Structures are given as C-alpha cells and as structure tokens.
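Reader: I am new to this structure. Could you pick a single part, take a close look at it, and then follow what surrounds it?

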Amino acid sequence: MTEGTTSAAVEGADTLSRLEQEGEIAADYLEGLLDIADLDGDIDMDVEADRASVSIISDAGGRDLQKLVGRDGEVLEALQELTRLAVHRETGDRSRLMLDIAGYRAQKRAELSELGAKSAAEAKSTGEPVKLKPMTPFERKVVHDAVKAAGLRSESEGEEPQRFVVVLPN
C-alpha cells in the first residue's frame, strides 16, 4: 500500500466510525422518545451514501408509528431535525442523518424515483421543460437523482417552502 492509499483507508474508517457514532446517539435519543410517547418500535441503524440512516420499525403494522410520520411526513421531518440537533449536541458536528419511520421514506423514495423517470421521459418526448409541484429537500433530491439516472438534467427553482424541480430536455 502506498501512503496515499493508507491515509484514504484510514479516513474512510474514521468516517464510517463517525457515522456509526451518529447512528448510536440518534438511536438512544429516539428510544427515549418512544418510551416517553409509550410507542413500540425497533431501531435499525445503517450507513448509506455517506450519511447515517436510522429507521423506526414496528412488528405491529406500524399504526401507532404513523403518529410519528404525520400528514405528508411533517412530523417525521420535525423529528429528523430534532434528532440531528441531539447528535450535534453530543458530537459538536453537523449531522446529515436520515430518519425513516414505518417505511414512509422508503415508500416515498420509490414513488419519487418513478415520478422523476416519468418526468424525464416526458421532457425527452416533448422537448419542453417539465415543472413539478413544490417538494421538500429530500423529495427534490430523489427526483434529481432519478432524472440524472435517466440521462437528463434538472434544477430546483423557487423559494422554500414552494421550491420545485424543473426537468430540462437535452
């Protein structure tokens, strides 16, 4: 191994260790929240795409956990921010942790990927830009990734909370 290869391997291990620590801190915080709310759920931790990923899942169908998702994922977004703050308080570093509850984000990701692919196909066939409805940053990121995978470009336009994706033809 060369010196550059060795330092890259050490840096990668340090990053993985830091992200695992973020997941542990987040899991502890969320377990306390579940206890306070008297909700049943299991915590699953992972590292995906250079960020910690924490999921709350339930064997009981997740009906109770839907309270933590809220309408259109609003409560989930708020809990994610609170969890990121808890991690920041412990580590002193900004967290990009992703939180999923009862599979809401996973399902949303699949739907948005399909929307991005369909929008890209429409932009290709018509030669016209396709404007989508306003979305959260998470939703826009998934659509941008799907459009890129389809071989096109996309941009975000507007101001929060009315920011939206425009799919551009070639």
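Author: Strand S2 is a good place to start, since it is mostly covered, with 5 of its 7 residues buried. The model is a predicted one, and what follows describes that prediction. S2 spans residues 51-57.

S2 has a partner in S1, the strand of residues 42-48. The two are antiparallel and are joined by 7 bridges. One opposed pair is Met 45 and Val 54, the latter in S2. S1 and S2 make a hairpin with 2 residues between the strands, and Ala 49 in this hairpin has a positive phi near 50 degrees.

S2 also pairs with S3, which covers residues 98-101. Here the strands run parallel, and 4 bridges hold the pairing. Val 54 appears again in this pairing, with Leu 99 of S3 as its bridge partner. Val 54 is therefore a residue to look for when tracing both pairings: it stands opposite Met 45 and is bridged to Leu 99.

The surroundings of S2 include the largest pocket. S1, S2, H3, S3, H4 and H5 each give at least two residues to its lining. The volume of this pocket is about 640 Å³. Its lining counts 26 residues, and those nearest the centre are Arg 51, Met 98, Arg 109, Phe 138 and Lys 141. H5 makes the largest contribution to the lining, with 5 residues. Sorted by class, the lining holds 14 charged, 9 nonpolar and 3 polar residues.

H3, one of the elements that line this pocket, runs from residue 74 to residue 91. Its 18 residues reach 26 Å from the first C-alpha to the last, close to the 26 Å expected at 1.5 Å a residue. The buried residues of H3 are Leu 76, Leu 79, Gln 80, Thr 83, Arg 84, Ala 86 and Val 87. These residues lie on the same side of H3, because the arc they cover around the axis is only 160 degrees. On the face turned away from that buried side are the exposed residues Leu 85 and Arg 89. After H3 comes Gly 92, with a positive phi near 80 degrees.

On the other side of H3 in sequence, Arg 71 sits in the loop between H2, residues 66-69, and H3. Arg 71 counts as exposed because its relative accessibility is 61%, and the cut-off for exposed is over 50%. Between Arg 71 and Ile 101 there are 13 Å in space, C-alpha to C-alpha, and the two are 30 residues apart in sequence.

H3 takes part in two further openings. The second largest pocket, of about 170 Å³, gets at least two lining residues from H3 and at least two from S4, the strand of residues 130-134. The residues around this pocket are Asp 72, Glu 74, Glu 77, Lys 108, Lys 133, Pro 134, Met 135, Thr 136 and Glu 139. By class, 6 of these are charged, 2 nonpolar and 1 polar.

There is also a cavity: a search of the whole structure turns up 1 of 30 Å³ or more. The largest cavity has a volume of about 60 Å³. Around it are Asp 72, Gly 73, Leu 76, Glu 77, Tyr 104, Arg 105, Lys 108, Thr 136, Phe 138 and Glu 139. H3, H4 (104-126) and H5 (137-149) each provide at least two residues of this lining, and H4 has the largest share, with 3 residues. The class counts for the cavity are 5 charged, 3 nonpolar and 2 polar residues.

Further along the chain is another pair of strands. S5, residues 153-157, and S6, residues 164-168, are antiparallel and joined by 5 bridges. Glu 155 has Val 166 of S6 as its bridge partner. S5 and S6 also form a hairpin, with 6 residues between them, and Gly 158 in the turn has a positive phi of about 90 degrees.

Methods: Residues are numbered from 1 along each chain as its sequence is written. This is a predicted model: local features need pLDDT of at least 70, side-chain atom pairs count only at pLDDT 80 or more; totals for chains, interfaces and linings use all residues. Side-chain values use heavy atoms; hydrogens and water are left out. On a 1 Å grid over the protein atoms alone, a cavity is a set of points where a 1.4 Å probe fits but cannot get out, and a pocket is an open set with protein on both sides within 12 Å along at least five of seven lines; lining residues have an atom within 4 Å of a point. Grid points are joined across faces, edges and corners, and a volume is the space filled by probe spheres set on the points. Ala, Val, Leu, Ile, Met, Phe, Trp, Tyr, Cys and Pro count as nonpolar, Asp, Glu, Lys and Arg as charged, and the others, Gly among them, as polar. The expected span of a helix is 1.5 Å times one less than its number of residues. Buried means under 20% relative accessible area, exposed over 50%, partly exposed in between (1.4 Å probe, protein chains only). The arc is that of the directions from the helix axis to the C-beta atoms. Two strands pair if DSSP finds at least two bridges between them.
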